[in-house]
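User: Please take one part of this structure and go through it closely. I am in my first year, so explain each term as you use it.

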Amino acid sequence: MNEQTQSEPRQVLLPGRRSLLVRLNCLPGIRPALLEVLNTYADGLGEEPGTEVFIVSLDPEAENTVWLFEVFKNEQAQVEHQSAAGFAVMMQAMPPLLDGPPAVLRMDPLRMSMQEDLLTDDWNL
């Protein structure tokens, strides 16, 4: 029998970080096009070293809703994110796909706990 070893979660404090939770409601049937725009943007995040986390999530109860969770190293990194060329392209491509403006919740994250296996699993992107 293979016995999996469970490692302790990685615990970090996040002083000075900024984060956003963004709700995007797209027009019916348009979610694949919106996901393409978001995935193209995510592929270029190497140009934004201060954008530490960018998570795209599907809402399991609303087929036209996509959620973004973003964490920035600091306030300046968030400003640089919003000034990046890839962000401008994304923001130009999204409005025709959306059923209204994005809803944005700004937060100051305090702490993160994460299983390190998350970063070592083979995701085959």
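Analyst: What follows is a close look at helix 1 and what surrounds it.

This is a predicted model, in which local features need pLDDT of at least 70 and side-chain atom pairs count only at pLDDT 80 or more, while totals for chains, interfaces and linings use all residues. Residues are numbered from 1 along each chain as its sequence is written, and side-chain values use heavy atoms, with hydrogens and water left out.

Helices (H or I, at least four residues) and strands (E, at least two) are DSSP runs, numbered from the N terminus. Helix 1 covers residues 31–43. Its 13 residues should span 18 Å at 1.5 Å a residue, and the end C-alpha atoms are 18 Å apart, which agrees; the expected span is 1.5 Å times one less than the number of residues.

Buried means under 20% relative accessible area, exposed over 50%, and partly exposed in between (1.4 Å probe, protein chains only). In helix 1, Leu34, Leu35, Val37, Leu38 and Tyr41 are buried. Viewed down the helix axis, these buried residues fall within an arc of 155°, so they line one face; the arc is that of the directions from the axis to the C-beta atoms. The face turned away from the buried side carries the exposed residues Pro32, Glu36 and Asp43.

The cover over the buried residues includes strand 2 (18–25), strand 3 (51–58), strand 4 (65–72), helix 2 (75–83) and helix 3 (85–93). Methionine 90 is in contact (heavy atoms within 4.5 Å) with Val37, Leu38 and Tyr41, leaving aside its neighbours within four places in sequence.
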